[in-house]
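Student: I would like to learn how to read the features of a structure, one at a time. Where should we start?

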Amino acid sequence: MTKALAQYRAKDYADSEKWADTVLNAQEDGRKHWGNIAPCWFFKAAALNQSGRGDEAKIAFQQGQKVLTEAWAEGGNAIYGYSHDYLLCKQLEREIGKFIGLKP
């Protein structure tokens, strides 16, 4: 996730997308969790948007929103045990949503 952000900030959008996909396509295990997955969808959306692929960006963004909605629906420890992740995800949702023209 951090590498996707770093490559995005370096304006290497193809690598940002690649690193986001590394997380999104990883095998399911204890390390793959909504707090990693949602930001990668949002970073991928931003990278796709910057690459002129707006329709794909919107789909990726909506996938990130879906991950957050599902985490919230789980409630309890899914959110409260990772409240810092949830707050980061909501901030990314707001900022990247505005950037690509979608309401969070």
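Tutor: Start with what counts as a helix: a DSSP run of H or I of at least four residues, with numbering from the N terminus. K11 falls outside such runs, in the loop between α1 (2-9) and α2. Keep in mind that this is a predicted model.

Student: What is the phi of K11, and is K11 buried or exposed?

Tutor: The general idea comes before the case. Most residues other than glycine have a negative phi. K11 has a positive phi of about 65° although it is not a glycine. As for accessibility, exposed means over 50% relative accessible area. K11 has 61%, so it is exposed.

Student: How many helices and strands does the protein chain have, and in what pattern?

Tutor: There are six helices and zero strands in the protein chain. Along the sequence the pattern reads α-α-α-α-α-α. The radius of gyration is 13 Å, close to the 13 Å given by the globule rule for 104 residues, so the chain is as compact as a globular protein of that length. The C-alpha trace spans about 40 × 30 × 20 Å along its principal axes.

Student: What do burial, contacts and surface add for the protein chain?

Tutor: Of the 104 residues, 44% count as buried. Among contacts with a separation of 6 or more, 59% are between residues 24 or more positions apart. The chain exposes about 6,100 Å², and carbon and sulfur atoms supply 51% of that area.

Student: Next, a single helix. What span should α4 have, and what span does it have?

Tutor: The check compares the distance between the end C-alpha atoms with a rise of 1.5 Å a residue. For α4, with 21 residues, the expected span is 30 Å and the end C-alpha atoms are 31 Å apart, which agrees.

Student: Which residues of α4 are buried, and where do they lie around the axis?

Tutor: Buried means under 20% relative accessible area. In α4 the buried residues are A57, A60, F61, G64, Q65, V67, L68 and A71. Seen down the axis they fall within an arc of 150°, so they line one face of the helix. Their cover includes α3, α5 and α6. On the other side of α4, the exposed residues are D55, I59, T69, A73 and E74.

Student: I59 is an isoleucine. How exposed is I59?

Tutor: Its relative accessibility is 53%, so I59 counts as exposed. Separation along the chain and separation in space can also be read together. I59 and A10 are 49 residues apart in sequence, and their C-alpha atoms are 23 Å apart.

Student: What comes just after α4?

Tutor: G75 does, with a positive phi of about 65°.

Student: How does α6 read on the span check?

Tutor: Helix α6 (residues 83-100) has 18 residues. From first C-alpha to last it reaches 25 Å, close to the 26 Å expected at 1.5 Å a residue. Its buried residues are D85, Y86, C89, L92, E93, I96, G97 and I100. These cover an arc of only 125° around the axis, which puts them on the same side of α6. The exposed residues on the other side are H84, L87 and K98. Among the elements that cover the buried residues of α6 are α3 (34-50), α4 (54-74) and α5 (76-80). Just after α6, G101 takes a positive phi of about 90°.

Student: Which residues does G35 touch?

Tutor: Leaving out residues up to four places away in sequence, G35 touches M1, D85 and C89. G35 lies in helix α3, and at 3% relative accessibility it counts as buried. The C-alpha atoms of G35 and T22 are 15 Å apart, with the two positions 13 residues apart along the chain counted as their separation.

Student: One more case. What does the side chain of S16 reach?

Tutor: It reaches the backbone oxygen of A4, at 2.8 Å. S16 lies in helix α2 (residues 13-24). At 0% relative accessibility, S16 counts as buried. Not counting residues up to four places away in sequence, S16 touches A4, Q7, Y8, F43 and A47.

Key:
Residues are numbered from 1 along each chain as its sequence is written. This is a predicted model: local features need pLDDT of at least 70, side-chain atom pairs count only at pLDDT 80 or more; totals for chains, interfaces and linings use all residues. Side-chain values use heavy atoms; hydrogens and water are left out. Helices (H or I, at least four residues) and strands (E, at least two) are DSSP runs, numbered from the N terminus. Buried means under 20% relative accessible area, exposed over 50%, partly exposed in between (1.4 Å probe, protein chains only). A polar contact is a pair of N or O atoms within 3.5 Å; within protein, one must be able to donate a hydrogen and the other to accept it, and residues adjacent in sequence count only if both atoms are side-chain atoms. Contact means heavy atoms within 4.5 Å. The expected span of a helix is 1.5 Å times one less than its number of residues. The arc is that of the directions from the helix axis to the C-beta atoms. The radius of gyration is taken over C-alpha atoms; the globule rule is 2.2 Å times the number of residues to the power 0.38. Accessible areas come from the Shrake-Rupley method with a 1.4 Å probe; for residues, only the protein chains shown count as cover.
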